[in-house]
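Here are my notes on the model you sent, set out as numbered points. Please read them with the structure open beside you.

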Amino acid sequence: MQPNPTVRTARRVEDLVAAGLVAPSAAAELEPVVRQLSLAITPEMLEAIDPEDPDDPIRRQFVPATAELEIAFEERHDPIGDDRFTPVEGIVHRHPDRVLLKPVHVCPVYCRFCFRRETVGRGGRALSADELRAALDYVRAHEEVWEVILTGGEPLVLSARRLGQIVRELDAMPHVGVVRVHSRVPVVDPGRVTGELVGALRSGETPVWVVVHTNHPRELGPAARAALARLADAGVPLLAQTVLLRGVNDDAEVLAELFRTLVRLRVKPYYLHHGDLARGTGHLRTTIEEGQALMRELRRRVSGTCLPTYVLDVPGGHGKVPVGPSYLEATDEGWRVEDVGGEVHRYPPAADGVGAR
Ligand SMILES: *Cc1c(COP(=O)(O)O)cnc(C)c1O
Ligand code: SF4
């Protein structure tokens with residue numbers, strides 16, 4: 001199924017009014033919101049929204065809301081501390097063996113919860129040709145870098161030609177073992193995943209992994225499935241990352257369906273991100289306790305292949321860590337371990353009833 005060819009990417013509040021997604025009377029109050037973070041919703045995502053449902057999970061991700069103007073005291077411009085670890089424009093080098101390379105600042109959609117909302121869209125800018133050269137020189141000079149993660153913005157909005165150039169430059173660096181591309185394109189703008197683009201990803205010897213960002217099973221329509229199949233058939237290893245979002249996917253049923261669907265599409269769920277403290281995103285954030293309860297429920301319900309790791313990016317640039325839930329606790333008599341049903345056991349088990357609890 002192709003999207004209706006008369007539907008274009010919505011970029012102005014008026015487009016949303018015309019699509020019946022915003023009441024004419026509500027348009028004016030959204031103008032300051034889209035000045036903070038640009039508006040873009042692709043035809044595929046517009047068509048996935050049920051216009052009758054004010055709480056539609058796709059709408060909540062992409063249609064601007066006045067709640068974004070409410071900034072909580074703990075929210076930050078740079079929630080995950082990218083700035084501190086930017087040695088040259090376009091590079092984030094926080095972990096010795098990995099760098100982020102951000103060639104572009106634009107995205108085909110703007111997610112209202114974006115943790116880089118201050119640097120994507122209107123707020124950001126792309127690397128110039130010189131800056132890109134300097135960024136690649138940085139990677140070339142740092143032999144401890146084993147993995148280069150293309151992110152942004154959205155690296156797969158680059159043309160196949162430019163993407164291929166970057167892949168081949170990295171391929172020529174012997175210390176770079178793996179390239180990883182973080183992308184929302186296969187889901188939100190699947191038509192960009194052409195044979196040519198897939199060919200560009202495969203144009204060096206260095207394997208290129210793709211980590212697809214997706215948050216709700218309804219994002220995975222026929223065109224997105226076909227795009228993922230093109231990547232998988234070409235031998236591109238696929239992972240998924242999901243952001244836990246209030247009113248979108250903070251529900252075990254929805255997450256179970258999403259993760260099972262991904263595994264069927266040959267995509268391994270990798271991370272479930274706790275919502276970052278990006279400014280104006282409080283209405284979309286859950287608590288950590290809620291996230292842990294969801295992970296417990298999922299561990300009971302679905303195969304291990306379907307389970308991502310629940311992670312928090314520690315504010316201030318301290319990196320990502322798993323945030324549970326934990327099933328294990330140290331006690332004076334050894335470990336106390338909880339099974340998936342909530343029953344508690346000792347590890348190692350007490351010998352034949354001696355000292356049994
Ligand atoms: C998330 C992130 C990475 C990748 O982390 P993994 O845990 O390897 O997926 C690397 N560098 C930075 C700065 C990051 O934010
Ligand atoms: S696609 Fe990624 S970088 Fe772009 S707005 Fe969405 S979350 Fe942010």
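1. A word on terms comes before the details: two strands are said to pair if DSSP finds at least two bridges between them. The model is a predicted one, and every remark below should be read with that in mind.

2. Strand β3, which covers residues 147-150, pairs with β4 in the parallel sense, and 4 bridges join the two. One of the contacts to look up is that of Glu147, whose bridge partner in β4 is Val178. The connection also deserves a look, since β3, helix α6 (residues 160-171) and β4 together make a right-handed β-α-β unit.

3. β4 also pairs with strand β5 (residues 208-213), again in the parallel sense, here over 5 bridges. Within this pairing, Val181 has Val210 of β5 as its bridge partner.

4. How many of the residues of strand β4 are buried? The count is 6 of the 6 residues in the run 178-183, so the strand is largely enclosed by the rest of the structure. In a regular strand the side chains alternate between the two faces of the sheet. For β4, both faces are covered, with Val178, Arg180 and His182 buried on one side and Val179, Val181 and Ser183 buried on the other. I would note that Arg180 and His182 are among these buried residues.

5. Turning to the ligand site, the space that ligand 2 takes is the largest pocket. The residues around ligand 2 are Cys107, Val109, Tyr110, Cys111, Cys114, Gly153, Arg184 and His213. Sorted by class, this shell holds 5 nonpolar, 2 polar and 1 charged residues.

6. Glu219 lies in the loop between β5 and α9 (222-233). Is Glu219 buried or exposed? Its relative accessibility is 1%, and because buried means under 20% relative accessible area, Glu219 counts as buried. Glu219 and Glu47 are 172 residues apart along the chain, while their C-alpha atoms are separated by 10.0 Å.

7. Further along the chain, strand β11 (residues 334-338) and strand β12 (residues 344-347) pair in the antiparallel sense over 4 bridges, and Arg336 stands opposite Arg346 in β12. The two strands form a hairpin with 5 residues between them. In the turn of this hairpin, Gly342 has a positive phi of about 95°.

Definitions and conventions:
Residues are numbered from 1 along each chain as its sequence is written. Chains are lettered from A and ligands numbered from 1 in the order in which they are written. This is a predicted model: local features need pLDDT of at least 70, side-chain atom pairs count only at pLDDT 80 or more; totals for chains, interfaces and linings use all residues. Side-chain values use heavy atoms; hydrogens and water are left out. Buried means under 20% relative accessible area, exposed over 50%, partly exposed in between (1.4 Å probe, protein chains only). A crossover is right-handed if, with the strands pointing away from the viewer, the path from the first strand over the helix to the second runs clockwise. A residue is near a molecule or strand if one of its heavy atoms lies within 4 Å of it. On a 1 Å grid over the protein atoms alone, a cavity is a set of points where a 1.4 Å probe fits but cannot get out, and a pocket is an open set with protein on both sides within 12 Å along at least five of seven lines; lining residues have an atom within 4 Å of a point. A molecule sits in a cavity or pocket if more than half of its atoms lie within 2 Å of its grid points. Ala, Val, Leu, Ile, Met, Phe, Trp, Tyr, Cys and Pro count as nonpolar, Asp, Glu, Lys and Arg as charged, and the others, Gly among them, as polar.
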